Each structure stands twice: as structure tokens, then as C-alpha cells.
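This report covers internal cavities, a surface patch and backbone angles of one protein model.

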Amino acid sequence: MSVHDDPNNETPSWPLTRLDGMVVVLTVVFWTINALQLSARSLISPSDFNQMEGVMLARMASLGTGVFLTLCMWGVLRRLSETRAFAWFWRAAALGLAVCLLHTVLNATYFRLLTDYHAISSEHFLDFRNLSSTYISFLWPIMTWSALCAVMVAGDNLRRQQARTTEAQIAAQQAQLAALRLQIQPHFLFNTLNSISSLIGQSRSQEADTTLLRLADFLKHTLAAGPRELVRLESEIDSQGRYLDIEQVRFPDRLRRRLLVEPEALPAMTPSLILQPFVENAVKHGLARSTSPVTLEIGARRDGARLRLWVADDGPGAAPACNSGLGQSLTNTERRLNLMYGPEASLRYGPMRSGGWRVDIDLPFEVAA
């Protein structure tokens with residue numbers, strides 16, 4: 001049974017909002033000003049004022065009625081909060097005409113019951129001329145209230161629309177980051193399983209078993225991170241070390257590692273597996289295509305408010321036929337960085353003069369709170 005079907009669910013259908021509070025304050029202020037204005041007008045004619053016993057009580061009753069009726073208007077018009085401001089105002093104004101008439105009649109009734117105004121002034125109860133004057137005096141706060149409420153409703157609608165747009169953008173960004181990150185794992189897993197199969201085919205079962213254990217350790221370490229999650233650089237470097245442990249089984253004599261990570265950079269937060277595609281490409285396009293030992297370098301340093309990361313190898317580089325795979329990794333990482341940092345991050349890559357290939361990543365230096 002859903003929440004809406006639960007008979008014990010006492011959640012109000014209209015929870016109070018900041019806009020409701022603003023409207024209540026606005027309503028009280030407008031009718032208080034109106035009551036003070038009418039009282040001041042009575043004070044100008046002291047002879048009339050002295051002849052009306054209970055006039056202040058009548059004024060207070062009229063003030064409370066104005067506040068109550070206007071808030072009732074808001075209760076009806078609140079259903080139209082998604083309506084455009086101009087249309088909302090005209091509907092409020094139309095309803096206000098009827099509410100103002102009711103308020104005028106009730107105001108005259110209060111003065112008849114609580115004062116001797118009609119007896120002394122010899123005016124008939126509900127005299128048209130007197131009612132018209134009172135109607136106009138009550139009409140301006142209702143119309144002004146309607147206009148200001150329309151503006152507030154328009155602003156509230158805009159804020160809610162912006163909030164919905166932001167939520168949609170965040171959801172879309174999360175989905176894109178998840179898709180981009182998940183592209184890493186099947187590709188890596190496919191390569192590793194091929195390596196294990198090759199080791200088994202070469203009757204290197206012990207090495208295949210070691211590779212499987214290292215693969216399980218790597219996946220356990222990396223799959224826990226969410227697609228948008230930032231991890232400490234220390235953890236990211238550790239992940240790449242676990243990956244290279246797997247590749248070390250395939251290339252025990254030709255894979256050489258060099259780690260150039262400054263201690264000041266280790267607390268920095270980085271996107272999970274941000275280095276993985278480039279370390280994997282260095283093995284695939286650098287080491288696997290070379291018969292000589294290849295040194296794979298992973299580096300990081302802090303440069304003021306920036307974090308510099310790089311992956312380099314001194315192998316032969318990517319063959320033309322492999323450029324599509326390398327381009328996929330570059331495009332993938334560029335999109336991740338753009339989604340997470342916008343223009344605050346950059347990615348540079350290319351062959352080195354001394355031979356090999358290098359990728360540099362430039363990020364804001366951030367640490368966990």
C-alpha cells in the first residue's frame with residue numbers, strides 16, 4: 001500500500017512553505033495599515049468619533065475579518081501557484097471583488113451592532129453611498145495584495161523551476177558519470193581475462209591463479225567507489241599499483257615501474273579510477289608492442305591550488321590502428337573531468353621527444369572535509 005493509501009497517514013496535503021509565511025505577514029501588514037488609515041480619518045472628525053461607542057471594537061473586528069477573508073482567498077488561489085503571474089493576478093482580482101463586497105457588508109454589520117453610528121447619523125443600514133465609499137477603501141489593499149502575491153508566486157515558481165532543473169541536471173550528470181566509469185571496468189576485465197586464458201593455455205596455471213586473486217583484490221578495492229565519488233590520491237595510486245601487480249604476471253621481466261608522488265599531494269581528492277585508462281593504455285600500447293623493457297611512470301605533485309597528475313611510458317607509443325582505443329579513453333576522461341570540474345580541469349597528452357607517450361591531468365587541489 002502506498003503512502004497515499006495509508007489511512008493513518010496524517011501528513012497535510014498542503015505543508016506550509018516559506019511563501020505561505022510571507023503571504024500571512026503581507027496580509028496582516030496590509031489590513032493593519034488599512035485599519036490605521038480609517039481610524040486616523042475618524043480622529044480628524046472628533047465629534048463623530050465621540051458619538052460612536054465601541055468603534056474601536058468594530059475596527060478590530062473588521063481588521064480580523066479582512067485578514068481572515070484574504071487568507072481564505074490565498075487558500076483558494078494557492079491551488080493556482082503554477083499559473084503565470086499575470087493570469088494569477090487577474091483571478092485573484094476577480095475573487096477579490098467578491099471578497100471585498102462581503103467584507104464591506106460585514107463591516108457595516110459590526111458598526112450597526114457595536115455602535116450607535118446609524119442612529120446618530122440617521123443613515124440607513126447598508127446605505128449605497130456609504131457602502132460604496134467603504135468598498136473602495138477596502139478594495140485597494142486587496143488589489144495591492146493580489147499584485148504583490150502574484151509577484152511572490154512568480155518568484156517562487158521560478159525558484160522551484162530552477163531547483164527542478166538543477167535536480168534534473170545532477171541526475172543526468174550522475175547517469176553520465178556512471179556510464180563513463182562503467183566503461184572502464186568491462187574493458188579492463190576483458191583484457192585481464194584474456195591474459196588469464198593465455199596463461200592457462202601456456203600451462204602457467206600458478207601464474208593464472210595469482211592473476212585471478214589479484215584481479216579479485218583489484219575489483220574489491222575499486223568497485224566500492226561510486227561513479228561521482230572522489231577518493232584520496234593515495235587510494236587512487238594504490239589502485240593502479242594493484243592493477244600493475246596483475247600486469248606484472250604477464251610481463252615479469254619487461255614491466256618496470258616508477259612512482260614519483262610528492263607526499264604533499266597524497267591527501268588530495270581525485271575522481272575514482274581517473275588514472276586507470278592511461279595506465280592501461282601504457283601497458284597495452286607501450287609495453288605489449290615492445291620487446292624491450294618499458295618503464296611506466298605515475299606521478300603527482302601539488303602546485304599551489306592545483307594538483308598535477310601524469311602517466312608516462314618510454315615505449316613505442318600507440319600504433320595508428322590502436323588510436324581509436326586510445327581516443328576512447330581520452331574522450332571518456334575529458335567528459336568526466338568536464339562534468340565534475342568544468343573549465344577548472346584540463347587534460348593534455350601526446351608523444352614525448354625522448355620517445356613514448358605522456359598524459360597530464362590538471363585538477364583543483366581539494367582535500368576531504
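The text below goes through the cavities, then the nonpolar patch, then two residues with positive phi.

**Cavities**

The model is predicted. It contains 2 cavities of 30 Å³ or more. The second largest cavity encloses about 60 Å³ of space. Its lining is made up of Trp 31, Asn 34, Ala 35, Leu 38, Arg 59, Ser 62, Leu 63, His 103, Asn 107 and Phe 138. Two or more of these lining residues come from each of helix 1 (18–44), helix 3 (55–77) and helix 4 (85–114). Helix 1 is the main contributor to the lining, giving 4 residues. Sorted by class, the residues around the second largest cavity are 5 nonpolar, 4 polar and 1 charged. Rolling a probe the size of a water molecule over the atoms is what reveals such empty space.

**Nonpolar surface patch**

Helix 1 also takes part in a surface feature. Val 25, Val 29, Ile 33 and Trp 140 together form a nonpolar patch on the surface, with an area of about 330 Å². Of the elements involved, helix 1 supplies the largest share of this patch, 3 residues. One of the patch members, Val 25, is located in helix 1. Val 25 counts as exposed because its relative accessibility is 51%, and the cut-off for exposed is over 50%.

**Positive phi outside glycine**

Which residues have a positive phi although they are not glycine? Ser 203 is one of them, with phi of about 60°, and Leu 273 is another, with phi near 60°. Ser 203 sits in the loop that connects helix 6 (128–201) and helix 7 (205–222). Leu 273 is likewise in a loop, here between strand 3 (269–271) and helix 9 (276–287).

Is Leu 273 buried or exposed? Leu 273 is buried, because its relative accessible area of 3% falls within the range for buried, under 20%. Ser 203, in contrast, is exposed, with a relative accessible area of 66%.

The table sets out the relative accessible area and the class of the three residues discussed singly.

| Residue | Relative accessible area | Class |
|---|---|---|
| Val 25 | 51% | exposed |
| Ser 203 | 66% | exposed |
| Leu 273 | 3% | buried |

Conventions. Residues are numbered from 1 along each chain as its sequence is written. This is a predicted model: local features need pLDDT of at least 70, side-chain atom pairs count only at pLDDT 80 or more; totals for chains, interfaces and linings use all residues. Side-chain values use heavy atoms; hydrogens and water are left out. On a 1 Å grid over the protein atoms alone, a cavity is a set of points where a 1.4 Å probe fits but cannot get out, and a pocket is an open set with protein on both sides within 12 Å along at least five of seven lines; lining residues have an atom within 4 Å of a point. Grid points are joined across faces, edges and corners, and a volume is the space filled by probe spheres set on the points. Ala, Val, Leu, Ile, Met, Phe, Trp, Tyr, Cys and Pro count as nonpolar, Asp, Glu, Lys and Arg as charged, and the others, Gly among them, as polar. Patches are made of residues with over 30% relative accessible area and no salt bridge: like charges are joined within 9 Å, nonpolar side chains (Val, Leu, Ile, Met, Phe, Trp, Tyr) within 5 Å. Accessible areas come from the Shrake-Rupley method with a 1.4 Å probe; for residues, only the protein chains shown count as cover. A salt bridge is a side-chain nitrogen of Lys or Arg within 4 Å of a carboxyl oxygen of Asp or Glu. Buried means under 20% relative accessible area, exposed over 50%, partly exposed in between (1.4 Å probe, protein chains only).
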